[in-house]
Structure formats: structure tokens, C-alpha cells
Amino acid sequence: MPYVTAVVAAYGKETVAKIHDSVIDQASDATVGLGRRLLDRILRREESRPLIEGALVDVADGEQDAEAALRLQIRKALTADPQLAEEVVGMLPGGATHIEASGDRSIAIGHNSGVASTGDHAMIQR
């Protein structure tokens, strides 16, 4: 409680709003940080750097279809360099998880917090 009351004392009636904003800021910071690390690694590939840098400038300038062009250049760099692709996948949340299902009524789920059923007459028992 001392920690909670310290926050309330600092923020007063705006406590909930400030906490919410802080959580959003932290999530944004984490996303931007990961994006920065990914770009740093991708741009170290000399062969594709000029094209990717050009596409980044176009995105920053708000050019139409620039995000698609950037996505294409990054995909080409990753396709041309399997080791780079592996490193990038390893940097992403969840890493290189591969989930596959095949066959009649098969399902593939990476994470599920609910019901997954492939039966004709499935019922939830309570």
C-alpha cells in the first residue's frame, strides 16, 4: 500500500489516467525500441541498405504506397540472406515458433485461452 498511496499522492485525482498513459507509453517505447533494433540489424546488410534507406525516407515523408515498398525491400533483404532472416525472427516476440497441423479436422494454435473443437457435436461440460 505505501507504493500505491505514493502514486495517488503524486497524481491525485488523475491517478488512473496517468497510470493508463504510462502503460501506453511503455508499450509504445517497447515497440519503437524493437523496431529500432530490427532496423539496425537489417541496415547492416550493405547490399540492401541504400534501397531500404530510400524506402524509409519515403515512409517518413508520407509517400503513397511507401510502406508497401519498404515491406518489399525488407522482404527481399531477408530472402537474400537466410542468416539475417533467422536473426530477425529470433528478435521478434515468440521467436521462431512454428506451428503446423495437417489432416482431417486438424487445427494449429500458437496460443489459446478458450475452446478449440473440431468435433461435430462438441459440448462444454460445466
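Here is a short walk through two spots in this predicted model: helix 3, then the pairing of helices 2 and 5.

Before you click, residues are numbered from 1 along each chain as its sequence is written. Because the model is predicted, local features need pLDDT of at least 70 and side-chain atom pairs count only at pLDDT 80 or more, while totals for chains, interfaces and linings use all residues; side-chain values use heavy atoms, with hydrogens and water left out.

**Stop one: helix 3**

Select residues 49-60, which make up helix 3 (helices are DSSP runs of H or I, at least four residues, numbered from the N terminus). Its 12 residues should span 16 Å at 1.5 Å a residue, and the end C-alpha atoms are indeed 16 Å apart (the expected span is 1.5 Å times one less than the number of residues). Past the helix, pick Gly62: its phi is positive, near 80 degrees.

Now go back into helix 3 for Ala55. Ala55 is buried, at 6% relative accessible area (buried means under 20%, with a 1.4 Å probe and protein chains only). Leaving aside neighbours within four places in sequence, Ala55 touches Ala69 and Leu70 (contact means heavy atoms within 4.5 Å). Add Leu72, 17 residues from Ala55 along the chain: their C-alpha atoms are 9.4 Å apart.

**Stop two: helices 2 and 5**

Show residues 15-43 and 82-91, helix 2 and helix 5; their axes come within 10 Å and cross at roughly 170 degrees (axes are lines fitted to C-alpha atoms over the stretch in contact, with angles from 0 to 180 degrees between N-to-C directions). That makes the two helices roughly antiparallel (angles over 145 degrees). For side chains, light up Leu34, Arg37, Leu38, Arg41 and Ile42 in helix 2 against Leu84, Glu87, Val88 and Met91 in helix 5.

Terms used: Buried means under 20% relative accessible area, exposed over 50%, partly exposed in between (1.4 Å probe, protein chains only). Angles under 35 degrees count as roughly parallel, over 145 as roughly antiparallel, 65 to 115 as roughly perpendicular and the rest as oblique.
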